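Here is a friendly note to read with the structure open beside you. Take the points in order and find each residue as you go.

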Amino acid sequence: MNFIRNTIAVLVGLGIAGLIITLGIRVFPQWVTFEAFAPFEHWQRFLFSMKDDKAFFGFLLFISGLGTTIGGVATAIIVKYAKVAYAILIGFIMLFIAMLDVIIFPYHPTFYKISIFLTFFPFSWIGGKIVEVIYERNKKKEISEKVNKSK
């Protein structure tokens with residue numbers, strides 16, 4: 001049962017990260033050069049149209065970090081054990097996807113290619129740590145309430 005729960009948690013985390021990246025790209029109308037909701041259907045044409053826009057790739061790094069953090073939080077909330085490890089798994093999968101993107105499509109600037117390694121793991125780790133800290137505080141609070149009730 002834990003395997004199914006953990007698999008669903010990872011899929012939910014990846015879905016949330018992808019949704020946040022999609023919504024982030026759609027925030028600026030000048031970047032919307034596609035008809036569909038998500039730019040991923042025509043990604044090569046979209047990247048080609050953005051290849052000289054350094055601000056877009058900087059924002060893409062930011063929004064990817066934000067999406068990975070929130071996806072890591074969602075994953076860590078759903079899984080029962082190893083919350084930070086599963087959140088980092090979201091970062092690893094997102095990094096793998098970003099590396100494939102950089103390898104397949106040659107339109108990324110150099111700073112983006114380097115920065116993806118510095119973005120996905122730390123942000124997903126932060127997402128897992130947020131949930132772990134909240135759960136630890138709640139656990140300590142419950143223990144102190146039990147101790148105070150028994151007195």
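1. Start with helix H3, which covers residues 54-78. Phe-59 and Phe-62 sit three residues apart in this helix, so about one helical turn separates them. Keep in mind that you are looking at a predicted model. The two rings have centres 6.1 Å apart and planes at 40°, and the pair therefore counts as tilted.

2. Now look for a pair that joins two helices. Phe-92 belongs to helix H4 and Phe-121 to helix H5, and their pairing links distant parts of the chain, 29 residues apart. Here the rings are stacked, with 25° between the planes and 6.4 Å from centre to centre. Are these two residues buried or exposed? Phe-92 has 45% relative accessibility, so it counts as partly exposed. Phe-121 is partly exposed too, because its value is 30%.

3. There is more to find among the aromatic rings. The structure has five aromatic pairs in total. Ring pairs also join Phe-56, Phe-57 and Tyr-112 into a cluster.

4. Next, turn to charges. How many salt bridges does a search of the whole structure find? The search finds one. Side chains of opposite charge can pair when their charged atoms come close. In this bridge, the side chains of Lys-129 and Glu-132 meet at 2.7 Å, taken from N to O. Both residues are in helix H5, three residues apart, or about one turn of the helix. Glu-132 has 28% relative accessibility and so counts as partly exposed. Lys-129, at 29%, is partly exposed for the matching reason: buried would need a value under 20%.

5. Glu-132 also helps to line the second largest pocket. This pocket holds about 200 Å³ of space. Helix H4 (83-104) and helix H5 (110-150) are the elements that each give two or more residues to its lining. Which of them gives the most? It is H5, with four residues.

6. Please check the make-up of that lining as well. Five of its residues are charged, four are nonpolar and none is polar. Among them are Lys-80, Tyr-81, Lys-83, Tyr-135 and Lys-139. Two of these residues deserve a closer look. Lys-83 lies over the face of Tyr-135, at 4.3 Å from the ring centre.

Notes
Residues numbered from 1 in each chain as written. Predicted model: local features only at pLDDT ≥ 70, side-chain atom pairs only at ≥ 80, totals over all residues. Heavy atoms only, no water. 1 Å grid on protein atoms, 1.4 Å probe; cavity = no way out; pocket = protein on both sides within 12 Å on 5 of 7 lines; lining within 4 Å. Points joined across faces, edges and corners; volume = space filled by probe spheres on them. Nonpolar A, V, L, I, M, F, W, Y, C, P; charged D, E, K, R; others polar. Salt bridge = Lys/Arg side-chain N within 4 Å of Asp/Glu carboxyl O. Buried < 20%, exposed > 50% of the residue type's maximum accessible area, 1.4 Å probe, protein only. Phe/Tyr/Trp six-rings, centres within 6.5 Å; stacked < 30°, edge-to-face > 60°. Lys NZ or Arg CZ within 6 Å of the ring centre and 35° of its normal.
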